[in-house]
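Visitor: Hi, I've got a structure to look at and I'm new to this. Can you walk me through it?

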Amino acid sequence: MVRITLVQGDITEQQADAIVNAANSSLLGGGGVDGAIHRRGGPEILEACRALRASHYGKGLATGQAVATTAGRLHADHVIHTVGPVWSGEEDRSSLLASCYRESLRIAAELGARTIAFPAISTGIYGWPMDDGARIAVETVRTASAAPVAEVRFVLFDDTAYEAFSRQVT
Ligand code: AR6
């Protein structure tokens, strides 16, 4: 089974084989984690995203899917961009959020990554309640087949996120 670790901090400062970006379907940047990754990773990442839009992803990346690019200047080999669902009180979109974690892990495994760092997808601008987002993240990673990924690191920005994930892991 994959080892789950928790870190409080900025995901762009992490060293890992793959770093996951909480992107949007345009793949062309935004705020939150996405803004930070493009700022710190440099223009190479955006260039790679533009190339994806010009080829296989003309309509953008669908919610729940994931795709990899270079990590530019980040301390990683790959950035895996995934599009979380926007929280809805009327519709249960949990399977889409679980899919983000599963698909990102699948792509990391294909790339031969051993360590992968995830943010708490959808829990920022997309409004997903932190406790529920943490539950889905940890449950999905625990039950996914991830080899050769040996470590899944959740990088949590603040105390609330760190505590929510801690409750799921212990
Ligand atoms: N490192 C780690 N976690 C972070 C960082 C960081 N540097 N910055 C924010 N967080 P969000 P979403 C936390 O909004 O909800 C973008 O505009 C944040 O506190 O980055 O999936 C995209 O382009 C929260 O807990 O992603 C999309 O349009 C978590 O990361 C949209 O936002 C996710 O927050 C995606 O929204």
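**Buried or exposed**

Guide: Sure, let's start with His 38, which counts as buried because its relative accessibility is 14%, and the cut-off for buried is under 20%. Keep in mind that this is a predicted model.

Visitor: Okay, and where is His 38 found?

Guide: His 38 is in helix H1.

Visitor: Which residues does His 38 touch, leaving out those up to four places away in sequence?

Guide: They are Asn 21, Gly 29, Ile 45, Leu 46, Cys 49 and His 81.

Visitor: What about Ser 95, buried or exposed?

Guide: Ser 95 counts as exposed, because its relative accessibility is 54% and exposed means over 50%. You'll find Ser 95 in helix H3, which covers residues 94–110.

Visitor: How far is Ser 95 from Gly 64?

Guide: In space, 8.2 Å from C-alpha to C-alpha, while in sequence they are 31 residues apart.

Visitor: Back to H1 for a second. At what angle do H1 and H2 pack?

Guide: About 115°, and their axes are 6 Å apart. H1 is residues 32–41 and H2 is residues 43–54.

Visitor: Which residues make that contact between H1 and H2?

Guide: From H1 you have Ile 37, His 38 and Gly 41. H2 brings in Pro 43, Ile 45, Leu 46 and Cys 49. Sorted by type, the residues of this contact are five nonpolar, two polar and no charged.

Visitor: New topic: helix H5. Which residues are buried there?

Guide: In H5, residues 159–169, Ala 161, Ala 164 and Phe 165 are buried. Looking down the axis of H5, the buried residues fall within an arc of 90°, so they line one face of the helix.

Visitor: And what do the buried residues of H5 pack against?

Guide: Three elements: strand S1 (3–8), helix H4 (130–143) and strand S6 (151–156).

Visitor: Now the ligand. How many residues are around the ligand, and which come nearest?

Guide: There are 22 around the ligand, and the nearest are Asn 24, Gly 31, Val 33, Asp 34 and Thr 123.

Visitor: What does Thr 123 do with its side chain there?

Guide: An N or O atom in the side chain of Thr 123 sits 2.7 Å from an oxygen atom of the ligand.

Visitor: And which backbone atoms come up?

Guide: Ile 125 has a backbone N or O atom 2.8 Å from an oxygen atom of the ligand. For Ile 11, a polar backbone atom is 2.9 Å from a nitrogen atom of the ligand.

Notes:
Residues numbered from 1 in each chain as written. Predicted model: local features only at pLDDT ≥ 70, side-chain atom pairs only at ≥ 80, totals over all residues. Heavy atoms only, no water. Helix = DSSP H or I, 4+ residues; strand = E, 2+ residues; numbered from the N terminus. Buried < 20%, exposed > 50% of the residue type's maximum accessible area, 1.4 Å probe, protein only. Arc of directions from axis to C-beta. Contact = heavy atoms within 4.5 Å. Axes fitted to C-alpha atoms, helices over the stretch in contact; angles between N-to-C directions. Nonpolar A, V, L, I, M, F, W, Y, C, P; charged D, E, K, R; others polar. Near = heavy atom within 4 Å. Polar contact = N/O pair within 3.5 Å; in protein donor to acceptor, adjacent residues only side chain to side chain.
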